Amino acid sequence: VPAPSMIKNSPARIVQNEVGSPEQKNLQIRPEEILKNIGPEMDLLEKFIIHDIDTDVELLNTVAHHILLAGGKRLRPALVLLASSLFESIGESPLRVAQVVEYLHTATLLHDDVVDGAETRRAQKAARQIWGNEASVLSGDYLLSKAFHMLTTLRNLELLQIMSRTTTLMAEGEILQLTREIGSEDEEVYLRIIYLKTACLFGSAAQAGAVLAKAPPELSEALKRYGEALGMAFQIVDDALDYVESPKTGKNHGTDLMERKMTLPLIHLIHNCKADEKSFLLDLIKEKQIGSEQLKEVTQMILRYESIEYTLGRAGDYIASALQETEPLPQGPARDSLEKLAHYVLSRSH
């Protein structure tokens, strides 16, 4: 995925203004409406996701149900189905791979919450807060194992290679974030982390759908790049929303700052604020605990230095790149949905 500054013509502000205008926001389409052309398949996928995690271990069932039924958007598995439907009707194999993608994603959420000491996930208590770190980690391990067992039943070596590479990259991203020096304001390192932790799975989901449908290699690669760019934008927008007080976001306002995560709004602020403000910020994020008053002060600084606008502009660059990748794809409802998803990611409020 190219850095935003490398994208040809870089029409971020155009995309952002089109999607973010008051008129557009009033007409904002929800993901369910964008995906209505694969609605029956998404409903069937939902049944598979829940049914196939049931085991004889009650605690495992409880933890898995807790997070899988908590209202995730299912964007990653939807990419598998949309990419596949560009080239042929959706059969059982794309549904199973979509299921695999959701299990992989959910496993990483369970693990992430333990590493981050998270209190909430999807507007409810994080699993670790209810059942403990051990149960969360082991439940995540189970979902990873389940996902790869399902992959082997498809007997498709290319798919297995794609997903194996992806999980390796995701683990690398977790370790890179863990070992990153507190207070590091390197934007390129931030972009590398979100590519590894988030964007590569988006890309692999779209690529996997195309591979299953035996799409031409150049189009499966275009879909991979589309997914990666979409995933970059998704995470960047998510990091911007963390500094916006809203009950819709599904997590507490300022969670990233409380966990001392160097996300793009904070990185931009540190690069652009005054010297004394920079010293205050660098000292603050090294504290063991950050209070509500300090969070309020940082949020006001982020607003004053327009760090949210900058962050959304960077997300807009990636959305522009994603939209460029849809141009060679077959025209039809699936391509329309991919384009609408890109606009949704940039304009979403939660």
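Helix α7 passes helix α10 in a right-handed crossing, the handedness being right when the near helix is turned clockwise from the far one by less than a right angle, and left when anticlockwise. This is a predicted model, where local features need pLDDT of at least 70, side-chain atom pairs count only at pLDDT 80 or more, and totals for chains, interfaces and linings use all residues. Residues are numbered from 1 along each chain as its sequence is written, and side-chain values use heavy atoms, with hydrogens and water left out.

Back to the pair. The axes of α7 (residues 92-116) and α10 (residues 157-179) come within 12 Å and cross at roughly 15°. That angle makes α7 roughly parallel to α10; the label covers angles under 35 degrees, with over 145 being roughly antiparallel, 65 to 115 roughly perpendicular and the rest oblique. The axes are lines fitted to C-alpha atoms, for helices over the stretch in contact, and the angles run from 0 to 180 degrees between N-to-C directions. Helices here are DSSP runs of H or I with at least four residues, strands are E runs of at least two, and both are numbered from the N terminus.

On the α7 side, the residues in the contact are Val97, Val101, Leu104, Thr108, Asp112, Val115 and Asp116. They meet Leu159, Met163, Thr167, Met170, Glu174, Gln177 and Leu178 in α10, contact meaning heavy atoms within 4.5 Å. By type, the residues of this contact split into 8 nonpolar, 3 polar and 3 charged. Here Ala, Val, Leu, Ile, Met, Phe, Trp, Tyr, Cys and Pro go down as nonpolar, Asp, Glu, Lys and Arg as charged, and the others, Gly among them, as polar. As for the spacing, an α-helix has 3.6 residues a turn, so residues three or four places apart point the same way.

Now α7 itself. With 25 residues, α7 reaches 36 Å from its first C-alpha to its last, close to the 36 Å expected at 1.5 Å a residue (1.5 Å times one less than the number of residues). Since 20 of its 25 residues are buried, α7 is largely enclosed by the rest of the structure; buried means under 20% relative accessible area, exposed over 50%, and partly exposed in between, with a 1.4 Å probe and protein chains only. Just after α7, Gly117 takes a positive phi of about 65°.

One α7 residue to click on is Glu102, which is buried at 1% relative accessibility. Leaving aside residues up to four places away in sequence, Glu102 touches Ile49, Leu68, Arg74, Pro77 and Arg122. Over in α9 (residues 133-154) sits Ser139, also buried, at 4%. With the sequence neighbours up to four places away set aside, Ser139 touches Leu60, Val63 and Leu110.

Two loop residues that aren't glycine have a positive phi:

| Residue | Phi | Loop | Relative accessibility |
|---|---|---|---|
| Arg155 | near 55° | between α9 and α10 | 78%, exposed |
| Lys214 | about 55° | between α11 (187-212) and α12 (217-241) | 73%, exposed |

Further along, Gln300 is in α16 (residues 292-304) and is partly exposed at 43% relative accessibility. Gln300 and Tyr243 are 57 residues apart in sequence and 9.6 Å apart in space, C-alpha to C-alpha.

Zooming out, the chain has 18 helices and 2 strands. Of its 350 residues, 54% count as buried. Among contacts between residues at least 6 apart in sequence, 76% join residues at least 24 apart.
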